[in-house]
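Please look through the structure shown here, beginning with one helix and moving from there to the core and then to the cysteines.

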Amino acid sequence: MKTYRYPSPSVHAAVARTMPISRKMTMTLVLSALAAVVVAHGTVRHERALMTQAGCFTCHAVHSRKIGPAFSWVAYHYRTQPGALQHLARKVITGGTGYWAPWTYNTPMIPHPNLSMTQAEGMVRWVLKQSPIKPPAP
């Protein structure tokens, strides 16, 4: 079994430690995966907080219609459409009506011009990650 010797004995005082390479690789992979989960969880929390701050949950719910369509309906409708992320992010920023007019009685979505495209895309990513549910007939 190959071993890895830390290059600087001063890092570990007078004791030069060794660790099998396979164990070091395993630890690196585990720590990398854990860091990715923490970062992803933090991003999801940030996106949801941004959506709350922007007032999205005033008009939208995850699984049912309020004033606007349910986020799960949006996830269902756009789940296979190429370019949906950018299209919806632009719609978040500019507002307006469109596909959901029959469900919303033509109530337009208000624009959010203070959001950057990056912020809007993050919010839309969160919406599209919801469990897709086919919307009922209008």
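**One helix, the core and the cysteines**

In α4, the residues that count as buried are Ala84, Leu85, Leu88, Ala89, Val92 and Ile93. Because these residues cover an arc of only 160° around the axis, they lie on the same side of α4. An α-helix has 3.6 residues a turn, so residues three or four places apart point the same way. This model is a predicted one, and in it the buried residues of α4 pack against α3 and α6. After α4 comes Gly95, whose phi is positive, near 75°.

The next step is the core. The largest nonpolar core has 24 residues, of which Met51, Phe71 and Trp126 touch the most other members. Two or more residues of this core are given by each of α1 (21-54), α2 (56-59), α3 (71-78), α4 (84-94) and α6 (117-128), and the largest share, six residues, comes from α4. In soluble globular proteins, nonpolar side chains tend to be buried together.

The cysteines remain to be considered. How many disulfides does the structure hold? The structure holds zero disulfides. The cysteine sulfur closest to that of Cys56 is in Cys59, and because the distance is 8.7 Å, the two are too far apart for a bond, given that a disulfide requires sulfur atoms within 2.5 Å. Cys59 is likewise in no disulfide, its nearest cysteine sulfur being that of Cys56. With a relative accessibility of 13%, Cys56 counts as buried, whereas Cys59 is partly exposed, its relative accessible area being 27%.

Methods. Residues are numbered from 1 along each chain as its sequence is written. This is a predicted model: local features need pLDDT of at least 70, side-chain atom pairs count only at pLDDT 80 or more; totals for chains, interfaces and linings use all residues. Side-chain values use heavy atoms; hydrogens and water are left out. Buried means under 20% relative accessible area, exposed over 50%, partly exposed in between (1.4 Å probe, protein chains only). A nonpolar core is a set of buried Ala, Val, Leu, Ile, Met, Phe, Trp, Tyr and Cys residues joined through side-chain atoms within 4.5 Å. Helices (H or I, at least four residues) and strands (E, at least two) are DSSP runs, numbered from the N terminus. The arc is that of the directions from the helix axis to the C-beta atoms. Contact means heavy atoms within 4.5 Å.
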